[in-house]
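This report describes a single protein chain. The sequence and the structure come first, and the description follows.

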Amino acid sequence: MISRGATLTLSGTSNKNLIDNRVLENSGDVIMSGGSILSGSGALIENSGTFDIKGDADIHYNGNPSKPRFENTATGVLKKSTAGTELTDISISLDNDATVEVSSGTLTMTGGSDPGTSESSSGDFIAGGGATLRFGGPIFDPHRLSGVGSSVTGSGTVSFPSSTS
């Protein structure tokens with residue numbers, strides 16, 4: 001649990017494992033600046049704070065039976081914010097009920113929405129100038145945008161595969 005006002009920094013080139021139904025609950029700030037998170041077996045990242053991905057860091061599904069999830073709750077901000085052309089891929093399920101913001105580089109969301117629920121993303125997706133936001137699936141499941149309260153905006157590039165609903 002990262003409390004409001006606290007910061008967790010994930011750095012270095014080594015991968016970090018989040019498996020076996022473990023939960024990373026963030027109400028503060030997570031700064032991910034190196035390596036990747038390898039996730040599986042029902043793990044959950046629950047973000048109600050700020051989760052800032054810098055550089056080429058990824059969040060990957062390792063293929064274990066229960067697909068992991070990233071829940072960006074009503075107060076959460078998921079950011080991709082380092083200058084340059086860095087690529088980040090999120091291949092775990094992503095449900096956004098707040099804000100996903102790409103200010104530089106490329107954020108590709110290949111994991112789709114959570115296949116075990118009828119949930120859909122009701123939050124905002126923002127692609128800043130020079131940045132790219134890709135609903136790039138599905139590797140596993142399509143993205144579901146609610147249409148009620150959900151928006152995709154910005155002066156950057158946004159791409160949707162035919163599997164986004």
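## Aromatic pairs

Rings of Phe, Tyr and Trp (its six-membered ring) are taken as a pair if their centres lie within 6.5 Å; planes under 30 degrees apart count as stacked, over 60 as edge-to-face and the rest as tilted. The structure, by this criterion, holds three aromatic pairs. One of them joins Phe 125 and Phe 135, with 5.0 Å centre to centre and 65° between the planes, an edge-to-face arrangement. This pair links distant parts of the chain, ten residues apart: Phe 125 lies in strand S15, and Phe 135 lies in the loop between strand S16 (132-134) and S17. Another pair is formed by Phe 135 and Phe 160, which counts as stacked because the ring centres are 4.7 Å apart and the planes are at 10°. Here too distant parts of the chain are linked, since Phe 135 is in the loop between S16 and S17 while Phe 160 is in the segment after strand S18 (157-159), 25 residues apart.

Ring pairs thus link Phe 125, Phe 135 and Phe 160 into a cluster. Which members of the cluster are buried, and which are partly exposed? Buried means under 20% relative accessible area and exposed means over 50%, with partly exposed in between (1.4 Å probe, protein chains only). Phe 125 has 1% relative accessibility and counts as buried. Phe 135, at 0%, is buried as well. Phe 160 has a relative accessible area of 44%, so it is partly exposed.

## Basis of the model

The model is predicted: local features need pLDDT of at least 70 and side-chain atom pairs count only at pLDDT 80 or more, whereas totals for chains, interfaces and linings use all residues. Residues are numbered from 1 along each chain as its sequence is written, and side-chain values use heavy atoms, with hydrogens and water left out.

## Chain totals

The protein chain has zero helices and 18 strands. Both element types are DSSP runs numbered from the N terminus, helices being H or I with at least four residues and strands E with at least two. Of the 165 residues in the protein chain, 46% are buried.

Contact means heavy atoms within 4.5 Å. Among contacts between residues at least 6 apart in sequence, 57% join residues at least 24 apart. The accessible surface of the protein chain is about 7000 Å², and carbon and sulfur atoms account for 49% of this. Accessible areas come from the Shrake-Rupley method with a 1.4 Å probe; for residues, only the protein chains shown count as cover.

## The seven-stranded sheet

Seven strands form an open sheet in the order S1-S4-S7-S10-S13-S15-S17, with parallel pairing. Two strands pair if DSSP finds at least two bridges between them. Strand S1 (7-10) and strand S17 (151-153) are at the edges with a single partner strand each, so one side of each has no neighbour in the sheet. On average, neighbouring strands of this sheet are turned by 10° against each other, direction ignored. Such angles run from 0 to 180 degrees between N-to-C directions, the axes being lines fitted to C-alpha atoms, for helices over the stretch in contact.

At one end of this order, S1 and strand S4 (residues 29-32) run parallel and are joined by four bridges. Leu 8 stands opposite Val 30 in S4. Val 30 is buried because its relative accessibility is 0%. Neighbours within four places in sequence aside, Val 30 contacts Leu 8, Leu 10, Thr 50, Phe 51 and Asp 52. Val 30 and Thr 50 are 20 residues apart in sequence, with a C-alpha to C-alpha distance of 6.2 Å.

## Strand S15 and its partners

Strand S13 (residues 99-102) pairs with S15 in the parallel sense over four bridges, and S15 is joined to S17, also parallel, by three bridges. Phe 125 of the aromatic cluster stands opposite Val 152 in S17, and Val 100 stands opposite Phe 125.

In a regular strand the side chains alternate between the two faces of the sheet. Along strand S15 (residues 124-127), Phe 125 and Ala 127 point to one face and are buried, while Asp 124 and Ile 126 point to the other and are not.

## The four-stranded sheet

A further open sheet has four strands in the order S3-S6-S9-S12, again with parallel pairing. Its edge strands, S3 (23-26) and S12 (93-96), each pair on one side only. The twist averages 10° from one strand to the next. Strand S9 (residues 69-72) pairs with S12 in the parallel sense over four bridges, and Arg 69 has Ser 93 in S12 as its bridge partner.
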